[in-house]
Amino acid sequence: MVCRTIKDYAVDAKRTFAVVLEPEEEGGFTVRVPVFPEIVTYGKDEREALAMAEDAIRLVIADCAARGEPIPSSEPPRIREITVTLAA
């Protein structure tokens with residue numbers, strides 16, 4: 001994982017981060033941001049879930065900047081499927 005400082009982000013006005021939307025049984029979506037494991041948020045629909053994730057990402061980046069910590073760069077997650085045979 002490549003880490004960048006807030007000064008690097010000043011040059012890049014926009015950054016893209018991968019998010020994972022998990023549908024919930026009762027409705028809505030839980031959202032996780034792999035590059036920021038501390039982010040777990042929720043929205044009643046996909047649009048709200050993505051807006052909540054965007055807000056959370058902005059807050060985490062601002063917190064990193066305030067503490068002078070590097071900000072991780074996003075690398076697209078690798079998603080694979082595994083088939084498991086269960087004993088009868």
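**Strands, a helix and charged pairs: questions on a predicted model**

Modeller: In this predicted model, strands S2 and S3 form a hairpin with 5 residues between them. Glycine 27, in the turn, has a positive phi of about 110 degrees.

Colleague: What makes S2 and S3 a pair of strands?

Modeller: A pair requires at least two bridges between the strands. S2 and S3 are joined by 4 bridges and run antiparallel, so the requirement of at least two is met. One of the links is seen at leucine 21, whose bridge partner in S3 is valine 31.

Colleague: How do you know that S3 pairs with S4?

Modeller: The same reasoning applies: 5 bridges join S3 (residues 29-33) to S4, against a requirement of at least two. In S4, glycine 43 is the bridge partner of phenylalanine 29, and tyrosine 42 stands opposite threonine 30. S3 and S4 also form a hairpin, with 2 residues between them.

Colleague: In what order do the strands of the sheet lie?

Modeller: The sheet is open, with 3 strands in the order S2-S3-S4 and antiparallel pairing. Strands S2 (20-23) and S4 (36-43) each have a single partner strand, so they stand at the edges and one side of each has no neighbour in the sheet. On average, neighbouring strands are turned by 20 degrees against each other, direction ignored. Helix H2 (residues 46-67) packs on this sheet and touches S2, S3 and S4, its direction making about 145 degrees with that of S4.

Colleague: Is threonine 30 called buried or exposed, and why?

Modeller: Threonine 30 has a relative accessibility of 11%. Buried means under 20%, so threonine 30 counts as buried. This residue lies in strand S3. Leaving aside neighbours within four places in sequence, its contacts include Val20, Leu21, Val40 and Thr41.

Colleague: What makes the approach of the side chains of threonine 30 and glutamate 24 a polar contact?

Modeller: The side chains of threonine 30 and glutamate 24 are 2.4 Å apart. The limit for such a pair of N or O atoms is 3.5 Å, so the distance satisfies it.

Colleague: Which residues make up the largest nonpolar core?

Modeller: The largest nonpolar core has 11 residues, among them Phe17, Val33, Phe36, Ile39, Val60 and Ile71. S4 and H2 are the elements that give two or more residues to this core, and H2 gives the most, with 5. Valine 60 is in contact with Phe36, Glu38 and Ile39, its neighbours within four places in sequence being left aside. In soluble globular proteins, nonpolar side chains tend to be buried together.

Colleague: Why is the meeting of glutamate 22 and arginine 32 called a salt bridge?

Modeller: The N to O distance between their side chains is 2.8 Å. The cut-off is 4 Å, so the pair qualifies. Glutamate 22 lies in S2 and arginine 32 in S3, so the pair ties together parts that are 10 residues apart in sequence. Glutamate 22, at 28% relative accessible area, is partly exposed, and arginine 32, at 36%, is partly exposed as well.

Colleague: How do you know that lysine 44 forms a salt bridge with glutamate 48?

Modeller: Their closest N and O atoms are 3.8 Å apart, which falls within the 4 Å limit. Lysine 44 has 59% relative accessibility; exposed means over 50%, so lysine 44 counts as exposed.

Colleague: How many salt bridges are there by this rule?

Modeller: The count comes to 5. Asp63, Arg67 and Glu69 are linked in a network of salt bridges, in which glutamate 69 and arginine 67 meet at 3.2 Å, N to O.

Technical notes
Residues are numbered from 1 along each chain as its sequence is written. This is a predicted model: local features need pLDDT of at least 70, side-chain atom pairs count only at pLDDT 80 or more; totals for chains, interfaces and linings use all residues. Side-chain values use heavy atoms; hydrogens and water are left out. Axes are lines fitted to C-alpha atoms, for helices over the stretch in contact, and angles run from 0 to 180 degrees between N-to-C directions. Contact means heavy atoms within 4.5 Å. Buried means under 20% relative accessible area, exposed over 50%, partly exposed in between (1.4 Å probe, protein chains only). A polar contact is a pair of N or O atoms within 3.5 Å; within protein, one must be able to donate a hydrogen and the other to accept it, and residues adjacent in sequence count only if both atoms are side-chain atoms. A nonpolar core is a set of buried Ala, Val, Leu, Ile, Met, Phe, Trp, Tyr and Cys residues joined through side-chain atoms within 4.5 Å.
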